[in-house]
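Colleague: I would like a close look at a single part of this model. Please take one strand and follow its contacts outward.

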Amino acid sequence: MSFDHISSFTQSRGIKLSSSLFLLDSCSTISIFRTREMLDNVGHFRQQGLSHGVTIVSNGGSVSANHVGTLRGFNFPVWYKRDSIANIIALCDLIRERHV
């Protein structure tokens, strides 16, 4: 893996990051992706054995998600919402599975 640039951004209406980019976020408590092709076993939360969806609130507003899957190579749940601002991996999810 190589990095060709580093970006910093703030949330604002209309911002869209590359669909192939994912962000490792130390402040997030759940992972959420907008790129369906990066996820496996995506289904409605009830099909996944969960009792409810999720609403994520941040300084940029809120978004609700009802579909959840897994990121290839990992076991933690990743919520799927096509309208999400970015593909976000919560650092706390990654730490539960890998030595970071």
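Take strand 6: how many of its five residues are buried, and is the strand largely enclosed or not?

Modeller: A caution up front: this is a predicted model. Strand 6 covers residues 67–71. Four of its five residues are buried, so the strand is largely enclosed by the rest of the structure.

Now its pairing partners. Strand 3, residues 39–44, pairs with strand 6 in the antiparallel sense. Four bridges make up that pairing. One of the contacts puts His 67 of strand 6 opposite His 44 as its bridge partner. Strand 7, residues 77–80, also runs antiparallel to strand 6. Four bridges join these two strands as well. Here Val 68 has Trp 79 of strand 7 as its bridge partner.

Next, the connection. Strand 6 and strand 7 form a hairpin with five residues between the strands. Within the hairpin, Gly 73 takes a positive phi near 95 degrees.

The loop between strand 6 and strand 7 also holds Arg 72. The side chain of Arg 72 meets that of Asp 40 in a salt bridge, at 2.9 Å from N to O. Asp 40 lies in strand 3, so the pair ties together parts that are 32 residues apart in sequence. Both ends are accessible to a degree. Asp 40 is partly exposed at 27% relative accessibility. Arg 72 is partly exposed too, with a relative accessible area of 48%.

Then the aromatic rings. The count comes to one aromatic pair. Phe 74 and Phe 76 form that pair. Their centres are 5.5 Å apart, with 45 degrees between the planes. The pair is therefore tilted, since the angle is neither under 30 degrees (stacked) nor over 60 (edge-to-face). Phe 76 has a relative accessible area of 5%, so it counts as buried, the limit being under 20%.

For context, the whole structure has three salt bridges. The Asp 40 and Arg 72 contact is one of them. Another joins Arg 96 and Asp 93 at 2.7 Å, N to O. These two residues sit three apart in helix 1, residues 91–97, so about one helical turn separates them. Their surroundings contrast: Arg 96 is exposed at 62% relative accessible area, whereas Asp 93 is buried at 6%. Glu 97 and Arg 98 also meet in a salt bridge, at 3.7 Å from N to O. Glu 97 is partly exposed at 26%, and Arg 98 is partly exposed at 39%.

Definitions and conventions
Residues numbered from 1 in each chain as written. Predicted model: local features only at pLDDT ≥ 70, side-chain atom pairs only at ≥ 80, totals over all residues. Heavy atoms only, no water. Buried < 20%, exposed > 50% of the residue type's maximum accessible area, 1.4 Å probe, protein only. Pairing = 2+ DSSP bridges. Phe/Tyr/Trp six-rings, centres within 6.5 Å; stacked < 30°, edge-to-face > 60°. Salt bridge = Lys/Arg side-chain N within 4 Å of Asp/Glu carboxyl O.
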